[in-house]
Each structure stands twice: as structure tokens, then as C-alpha cells.
Amino acid sequence: MAKLFISACCLVLVCFSNAFAQKNEMGFLLGGGKLSDKGDSVGSFAFTISYTRSIVWGLAVEGSVDIFSAKTSPTYRDSFEAGQIAAVYNFPSLGKDRIITPYVSAGAGRVSTDFLDIPGEAIYRFGGGVKYYFKDESPFGIRVEVRDEITRKGRQPYPLQGPRVSLVSVRAGLTWRF
């Protein structure tokens, strides 16, 4: 009985939230920033592939694969991969053409240099940015965001000595809504 009630509630939410409408979005972002602990920092390259699904009232869920790299020795650059899920709030569009949409996001995931051999560490993400669509109904746009991802060193070979590591980055790229 409880399962049927929960299923009915979920169906009502889906029907009234227009979840069947085309509210999907893919993003491809490139950028860079600083990987830092309390006393030191190194430059880092960052890349993101994301899928966002709008739910209701500007709220969306985003899944992403994020890759960043840092120089771990004078001759070697190591890459770190993260899988994350985040809540995204899209503010109402600016202007009468509805082509500019600011947003904020917060999420969590796992990060590792090699998920097969090295257990991942928890990573937390906080950020915000803006999406610019070429026209109101255009499927293509540009996305720019500032993001802070925080993790602990754990078993990962970060080139920094502190127990807590932060990656502050700026990323920009294309977004496609369908």
C-alpha cells in the first residue's frame, strides 16, 4: 500500500511539473583555475561534460563528469576524474527576450586519479554562472561558470601538502538544450 501511495505521489509530481516537456541540457565546458590548500597553490586545467534535467520552478538536477589536472612533479602532470551530481537553481531569465539565465549550483561526488586502483574521495561543489542563448527558442548557447570544488587529500597524489584541497576554476563552453 505504501509503495502504491509513493508511486502515485511521484506520478502526480511528474505530471504537474511538465517533466515530459523537453527540458534537457548538455554542456561541454573548458577552463582552468588554481588547486590550493591553506598555504600553496598550483595551476590546473579543467574540463566538464554535464547533463542537466529541469524539474520544476527553476530547479534542476545535474550529473557531470569533471576532469582536472595538476603538475605533481617537475616532469609529470596527473589528471583527476570526478563524477558529481548537483542541484541547480536557474533564476528567472533576464530581459524580455529570455536569453540570459543566471544560476547557482551545489553538489557532491567522488574524485580519484584511478577509480580502479585508488578509492575515491568525497568532493563537494559550489558554483554559479550564466547561460546565454542566441534566441529565446534557440537550442544552442554559451555557458560560463565559476566553481569551487573542495576535497580532502586522502589517497590522491595532489601536489600540495595540506589535508584539504580546493579547486577554484572558471569554465566556459557550449550548452545544448533539447
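Biologist: Over how many bridges do strand 5 and strand 6 pair?

Modeller: This is a predicted model in which local features need pLDDT of at least 70 and side-chain atom pairs count only at pLDDT 80 or more, while totals for chains, interfaces and linings use all residues. Residues are numbered from 1 along each chain as its sequence is written, and side-chain values use heavy atoms, leaving out hydrogens and water. Two strands (DSSP runs of E, at least two residues, numbered from the N terminus) pair if DSSP finds at least two bridges between them. Strand 5, residues 100–112, runs antiparallel to strand 6, residues 121–133, and the number of bridges over which they pair is 12.

Biologist: Which residue of strand 6 is the bridge partner of alanine 106?

Modeller: Within this antiparallel pair of strand 5 and strand 6, glycine 109 stands opposite isoleucine 123 of strand 6. For alanine 106, the bridge partner in strand 6 is phenylalanine 126.

Biologist: Which residue in strand 5 stands opposite glycine 83?

Modeller: Strand 4, which covers residues 76–90, pairs with strand 5 in the antiparallel sense over 10 bridges. Opposite glycine 83, in strand 5, stands arginine 110.

Biologist: In what order do the 8 strands close into a barrel?

Modeller: The protein chain has 1 helix (a DSSP run of H or I, at least four residues) and 8 strands, and read along the sequence its pattern is α-β-β-β-β-β-β-β-β. The 8 strands close into a barrel with antiparallel pairing, in the order 1-2-3-4-5-6-7-8.

Biologist: By how many degrees are neighbouring strands of this sheet turned against each other on average?

Modeller: The strands in question are the 8 that form the antiparallel barrel, with axes fitted as lines to C-alpha atoms and angles that run from 0 to 180 degrees between N-to-C directions. With direction ignored, neighbouring strands of this sheet are turned against each other on average by 25 degrees.

Biologist: What percentage of the residues in the protein chain is buried?

Modeller: Buried here means under 20% relative accessible area with a 1.4 Å probe, counting protein chains only. Of the 178 residues in the protein chain, the buried share is 37%.

Biologist: Among contacts in the protein chain between residues at least 6 apart in sequence, what percentage joins residues at least 24 apart?

Modeller: A contact requires heavy atoms within 4.5 Å. Once the contacts of the protein chain are restricted to residues at least 6 apart in sequence, the share joining residues at least 24 apart is 56%.

Conventions
Buried < 20%, exposed > 50% of the residue type's maximum accessible area, 1.4 Å probe, protein only.
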